[in-house]
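Reader: Hey, can you walk me through this one? I'd like to go bit by bit.

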Amino acid sequence: MDSVNGVTGVTGVTGAEGTDHADRAERTGGTGRVDGAVSGNVDKGGGMSGASPYRLVGARPEPGFEVRVDGRAVPVVPGQTVGAALHAAGIRTWRTTRFGDRRRGLFCGIGVCFDCLVTVNGVENLRACLTEARPGDEVTTS
Ligand code: FES
């Protein structure tokens with residue numbers, strides 16, 4: 001049975017094998033993010049139990065960390081993207097357009113518009129909305 005700390009459906013999510021979520025659950029032994037007692041509220045049949053939002057009831061994030069953004073320390077909750085961390089820190093725009101110097105930051109938030117480009121650890125043109133922040137990351141903007 002897939003049960004971690006009383007939470008059913010955290011591991012063995014059907015269709016999630018090989019994804020970041022499955023990898024994270026594997027790294028933390030399934031205990032890093034969810035610690036609560038909600039079994040009984042979770043759909044246990046048909047392989048959809050992992051998709052139930054009830055598995056997140058009582059979830060607590062792992063300890064946070066910081067990344068450096070243009071030399072400034074920005075706090076990050078594990079699992080946040082660089083874009084989410086910037087937004088949470090009150091940084092709404094971090095680059096400008098080639099023509100007209102229009103300010104850009106998160107727009108679509110799903111990797112479609114490319115408005116959120118940043119450089120992370122020297123790798124240019126990463127979409128901040130899709131790039132998960134890691135401890136010690138050096139983010140530069142233009
Ligand atoms: S906000 Fe649109 S690609 Fe990142």
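Reader: Which residue is the bridge partner of Arg 68 in β9?
Author: Glu 138 is the bridge partner of Arg 68 there. Strand β3, residues 65–69, runs parallel to strand β9, residues 138–140, and 2 bridges link them. Strands here are DSSP runs of E with at least two residues, numbered from the N terminus, and two strands pair if DSSP finds at least two bridges between them.

Reader: Is this an experimental model or a predicted one?
Author: This is a predicted model, where local features need pLDDT of at least 70, side-chain atom pairs count only at pLDDT 80 or more, and totals for chains, interfaces and linings use all residues. Residues are numbered from 1 along each chain as its sequence is written.

Reader: OK, what's the strand order in the open sheet?
Author: The order is β4-β3-β9-β7-β8, so to speak a row of 5 strands with mixed pairing. At the edges sit β4 (72–76) and β8 (123–127), each pairing on one side only. From one strand to the next, the twist averages 40 degrees; axes are lines fitted to C-alpha atoms, and angles run from 0 to 180 degrees between N-to-C directions.

Reader: And how do β5 and β6 run, parallel or antiparallel?
Author: Antiparallel: β5 (residues 93–96) and β6 (residues 103–105) are joined by 3 bridges. Thr 93 stands opposite Gly 105 in β6. The hairpin has 6 residues between the strands, and Gly 100 takes a positive phi near 90 degrees in that hairpin.

Reader: Switching topic: what is the phi of Asp 70?
Author: Asp 70 has a positive phi of about 50 degrees, although it is not a glycine. Most residues other than glycine have a negative phi. You'll find Asp 70 in the loop between β3 and β4.

Reader: How many other C-beta atoms lie within 10 Å of Asp 70?
Author: There are 13, so Asp 70 is partly exposed. The cut-offs are 20 or more other C-beta atoms within 10 Å for buried, 12 or fewer for exposed, and partly exposed in between, with C-beta atoms placed from the backbone.

Reader: What about Phe 114, buried or exposed?
Author: Exposed, because Phe 114 has 12 other C-beta atoms within 10 Å. Phe 114 also has a positive phi, about 60 degrees, and is found in the loop between β6 and β7 (117–120).

Reader: Last one: where does pLDDT stay under 50?
Author: Over residues 1–48. pLDDT is the predictor's confidence in each residue, from 0 to 100, and the protein chain averages 75. Where pLDDT is low, the predicted coordinates should not be read in detail.

How values were computed: Helices (H or I, at least four residues) and strands (E, at least two) are DSSP runs, numbered from the N terminus. Two residues are in contact if their C-beta atoms, placed from the backbone, lie within 7 Å.
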